Every structure is written in structure tokens, then in C-alpha cells.
Amino acid sequence: MSKQKRFLLDESELPRQWYNIQADMINKPLPLLNPATKEPLTADDLAHIFAAECAKQELDQEHAWIDIPEEVFDRYKYYRSTPLVRAYALEKALGTPAHIYFKNESVNPLGSHKINSALPQCYYCKQEGTTNVTTETGAGQWGAALSYAAKAFGLECAVYQVKISMQQKPYRSSIMRTFGATVEGSPSMSTRAGKDIITRDPLHPGSLGTAISEAVELATTTPNCKYTLGSVMSHVSLHQTVIGLEAEKQMEKAGEYPDTIIACFGGGSNFGGLAFPFMRHTILEGKKTEYIAAEPSSCPKLTKGKFEYDFGDEAGYTPLLPMYTLGHEFKPANIHAGGLRYHGAGTIVSQLLKDGYMRAVDIPQTESFAAGLLFAQTESIIPAPESCHAIAATIREAKKCIETGEEKVILFNLSGHGLIDMTAYDSYLNGDLTDPEFKG
Ligand SMILES: *Cc1c(COP(=O)(O)O)cnc(C)c1O
């Protein structure tokens with residue numbers, strides 16, 4: 001009998017609520033602090049730059065379930081459910097007794113999970129009378145998702161993309177512009193912050209720090225304009241829980257329950273999105289499941305960072321966040337997994353790691369691409385360089401099962417495809433990729 005490979009949900013089975021793990025956590029995340037007064041931030045403070053509803057969700061430690069607005073649900077229906085896939089060919093190539101499943105979040109108009117949070121963020125902005133949204137983007141996945149969502153809800157969108165990334169990945173700005181967004185290479189001449197940087201250093205290549213400064217300046221100086229973020233913040237992970245909630249039902253259809261759950265880790269949104277719905281059974285019912293975050297060896301905040309209050313950005317504009325961090329002035333090596341080059345981890349994940357609910361592994365760049373290549377050649381999908389880290393961690397676990405003979409059920413998140421990152425694959429195939437060392 002042929003065995004089922006892909007598991008999908010009917011529209012009637014799609015989640016109608018997001019899961020807020022903060023409500024069930026035994027030790028809640030510590031408060032965000034105002035850097036000047038060291039006082040805990042309120043939702044009102046956050047609502048100056050974020051949509052008020054997102055600000056409220058950010059600090060909500062009370063409600064475990066939050067309704068997905070009907071208009072957002074209608075947009076999720078364009079591409080959800082995403083497939084849960086059994087990776088038979090990968091299992092066979094590894095010779096492992098493990099059962100490997102992946103949730104394929106690359107199957108949507110933009111090709112990464114980021115769209116799951118871009119849609120509600122733009123929806124809430126629209127509801128609250130905002131006309132414009134802005135953000136910064138490095139590699140461009142978040143900028144692309146936001147551009148799409150802004151168009152869907154009738155908002156103007158301005159994205160500041162790190163100038164050097166814009167030159168390295170020109171197609172991401174083409175995608176943003178196709179969905180109607182304005183894209184500026186940062187530093188730009190369109191803001192005070194950008195002009196100051198260019199005056200000091202006319203050839204500045206840009207960084208997430210310069211782009212954040214410009215986006216925040218635009219949001220605070222333009223009427224009816226809000227700032228948005230695609231990772232790190234708790235409300236972003238909340239929106240991403242559609243991934244895990246679907247996966248839970250799909251695993252049930254497959255007749256299995258995961259022993260190990262793995263996702264790559266930049267700021268934590270795709271990890272939280274997949275893991276938190278399963279982790280509620282660990283917190284509430286003591287279910288034994290292992291949760292593994294896969295980060296790059298060159299930017300190892302979870303495995304080598306410190307748990308402390310730190311700024312979310314290089315320039316020190318954001319609130320102080322209680323998190324595992326390498327320090328906000330840490331300059332990550334220029335690895336191809338742009339989405340994982342961030343110095344800190346979200347506050348929820350940081351608390352969960354501290355409390356022993358999960359662990360982290362760090363993956364060298366060349367190991368990640370070797371894993372990505374094997375995955376492409378077996379499962380027929382070219383994974384995003386970020387997602388390659390989750391695949392590498394999965395392969396490590398599956399190989400352990402060869403030694404122990406355990407038929408472990410491993411579930412990982414395929415956070416995106418790599419079709420716009422082929423220069424990275426070329427470098428790997430040409431033997432030009434290095435494993436930058438972490439200098440802490
Ligand atoms: C942005 C991104 C990531 C990292 O962000 P998280 O918030 O940690 O999920 C991972 N994979 C892809 C494809 C991304 O675009």
C-alpha cells in the first residue's frame with residue numbers, strides 16, 4: 001500500500017484563534033523597560049509606534065486564545081493550510097529509522113512564513129485608521145511580506161532595505177515594488193538619520209541599524225504611519241502559531257505525535273510558531289517533547305549569549321528587552337542566512353530556554369548548505385538558507401537514531417524556499433563558502 005506523503009486541512013479545520021503561550025507559562029517573560037526611566041512599558045507606550053492591537057497582544061499574559069479576525073482569516077485562506085509532508089526520501093537517503101515530517105511554510109505568494117504576521121499587522125493598522133506602514137528589511141523576506149499585506153489591506157508601504165543587501169539580492173526589491181511598496185536603500189537621503197549617516201560616510205553600505213533608525217524616524221514623523229517588525233516581538237510569534245496549530249491537526253491525521261520539534265532561529269517567530277502550540281501540552285500536561293532551536297554558529301545568542309536586558313537594535317532606540325543576547329553592538333558575520341543574523345532572541349523563548357523547556361544547537365554555514373542540498377535532491381524543494389539550519393539539526397537528530405535504533409518522530413519547520421537565494425547556493429557549489437568563527 002502506498003503511504004500518504006502530504007497532509008492538508010480543509011478550510012473548516014483551519015485554526016480560528018492564535019495561541020498565546022504567555023498565558024500558560026509558569027514564569028512569565030520579564031517586562032520590557034523604558035531605557036530612560038527603567039520603568040516597565042505599557043501597551044500605550046508601545047502603541048506610539050506599533051498598531052494598538054499589536055501593542056496589547058505584545059503584553060498580554062492572560063488570554064491563551066486570541067481570535068483571528070475574519071478579514072485576516074479570509075486572507076490566510078489564499079494559502080493555508082500549508083502542507084505537512086513526510087520526508088520519506090530524506091529518511092531513506094540517511095538510512096534512519098526516524099520518521100521525519102516538515103511543515104512547508106514556503107508555499108505561499110511570498111515564499112516564507114513572514115506573511116502570517118504581515119497580514120494581521122496590516123489589518124490592525126487599517127482598522128485603527130493608519131494609512132501608511134514602514135519597516136526595515138535585511139535580506140528582504142519581511143519587507144516583501146509586508147508589501148504584499150499592505151497592498152491586501154489598502155495601505156501605503158515604505159521599506160528601508162539595507163543598501164548592500166539591496167545590491168546583493170535585487171529581486172527582493174523587485175518583489176516589494178511589484179506589490180506597490182516604495183523601497184529605499186538605507187542609508188537614504190529621505191530621512192534626517194539617513195542624511196546624517198551619508199554626510200559622515202558617503203559610501204556607508206547600510207546595516208539593520210541604519211534601516212531601523214530610518215523606519216522609526218519615518219513612523220514617528222509621518223501622520224498615520226506605523227512601524228512594524230517581522231520577528232523577535234511576542235505578537236509576531238503569536239500570529240505565527242497558525243503553523244503549529246495546523247501541524248498538530250495534521251500530525252493527528254498522520255497518526256503520530258512528534259518527539260522532537262525543530263526550527264531555525266533568527267528572533268524566534270517561526271520557532272515559536274511551530275513549537276508553542278505543542279509546548280502547551282508540555283507545560284499543562286507534562287508531555288515529553290524535545291524542542292530544538294537551530295541557530296548559526298557565527299551568531300549563537302542562544303548557545304553562547306547572556307540572559308540580560310539589552311536593546312533590540314544597534315542604535316539603542318528600542319525598549320530594553322530581557323533576552324539572550326550577544327550584545328546590541330555585536331556585528332554578525334555576513335552569512336547567507338540573512339534572517340538569522342540578529343544579536344538577540346525574543347523574550348518568550350529566552351524565558352523558556354532559561355527554564356529548561358527547550359534547547360539550542362549552533363550550525364556552521366557549510367553544514368547548513370550541505371543539508372540544504374541533500375534536502376533539495378531528496379525532497380525536491382530548494383530550502384531558504386535560514387531553513388537549511390533546521391534541516392541540518394534534523395539530520396543530526398536522525399543520525400543519532402541510526403545508532404540507537406529509535407523510531408523517533410521528528411517535525412521541523414521549512415520556513416521558506418531558497419529560489420531567490422541562488423547566489424548563496426552558487427557560492428557553496430563553487431567551494432567559496434566559509435564558516436566564519438564566532439568572536440564573542
Ligand atoms: C526571517 C526568516 C527567518 C528567521 O526569523 P524567525 O523570526 O526566527 O523565524 C527564518 N527563515 C526565513 C525563511 C525567514 O525569512
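1. Let me start with a helix. Arg192 and Asp196 form a salt bridge, with their closest N and O atoms 3.3 Å apart. Please keep in mind that this is a predicted model. Both residues sit in helix H9 (residues 192–200), and because they are 4 residues apart there, about one helical turn separates them. Asp196 has a relative accessible area of 33%, so it counts as partly exposed.

2. There is also a salt-bridge network to look at. Glu290, Arg359, Glu397, Lys400 and Lys408 are joined into one network by salt bridges that share partners. For the structure as a whole, the count of salt bridges is 20.

3. Another pair worth finding on your screen is Arg16 and Glu70, whose side chains meet in a salt bridge at 2.8 Å, N to O. This pair links distant parts of the chain, 54 residues apart: Arg16 belongs to the loop between strand S1 (6–7) and strand S2 (17–19), while Glu70 is in helix H3 (residues 70–76). Arg16 is partly exposed, at 39% relative accessibility. Glu70 is partly exposed as well, at 43%.

4. Next comes Lys77, which makes a salt bridge with Asp74; the closest N and O atoms are 3.1 Å apart. Relative accessibility is 29% for Lys77, which counts as partly exposed. Asp74, with a relative accessible area of 35%, is partly exposed too.

5. Now to the sheets. One open sheet has 4 strands in the order S8-S7-S6-S9, with parallel pairing. Strand S8 (182–186) and strand S9 (225–227) are its edges; each has a single partner strand, so one side of each has no neighbour in the sheet. On average, neighbouring strands here are turned by 25° against each other, direction ignored.

6. Within that sheet, you can follow the pairing of strand S7 (residues 156–162) with S8, which is parallel and runs over 5 bridges. For a landmark, look at Gln161, which stands opposite Gly185 in S8.

7. Which strands does helix H6 (residues 141–152) touch as it packs on this sheet? H6 touches strand S6 (132–137) and S7, and its direction makes about 165° with that of S6. Helix H8 (residues 170–178) packs on the sheet too, touching S6, S7 and S8. The direction of H8 makes about 170° with that of S7.

8. A further open sheet is built from 7 strands in the order S1-S4-S5-S15-S10-S11-S14, and its pairing is mixed. S1 and strand S14 (359–363) are the edge strands, each pairing on one side only. Inside this sheet, strand S4 (residues 84–86) and strand S5 (residues 99–104) pair in the antiparallel sense over 3 bridges. Arg86 has Tyr101 in S5 as its bridge partner.

9. Finally, is His343 buried or exposed? His343 lies in the loop between strand S13 (320–325) and helix H15 (347–354). Its relative accessibility is 6%, and the cut-off for buried is under 20%, so His343 counts as buried. A polar atom of the His343 side chain lies 2.8 Å from the backbone oxygen of Phe311. Leaving aside neighbours within four places in sequence, the contacts of His343 include Lys301, Asp310, Phe311, Gly312 and Asp313, and also Met323, Tyr324 and Thr325.

Definitions and conventions. Residues are numbered from 1 along each chain as its sequence is written. This is a predicted model: local features need pLDDT of at least 70, side-chain atom pairs count only at pLDDT 80 or more; totals for chains, interfaces and linings use all residues. Side-chain values use heavy atoms; hydrogens and water are left out. Two strands pair if DSSP finds at least two bridges between them. Helices (H or I, at least four residues) and strands (E, at least two) are DSSP runs, numbered from the N terminus. Axes are lines fitted to C-alpha atoms, for helices over the stretch in contact, and angles run from 0 to 180 degrees between N-to-C directions. Contact means heavy atoms within 4.5 Å. Buried means under 20% relative accessible area, exposed over 50%, partly exposed in between (1.4 Å probe, protein chains only). A polar contact is a pair of N or O atoms within 3.5 Å; within protein, one must be able to donate a hydrogen and the other to accept it, and residues adjacent in sequence count only if both atoms are side-chain atoms. A salt bridge is a side-chain nitrogen of Lys or Arg within 4 Å of a carboxyl oxygen of Asp or Glu.
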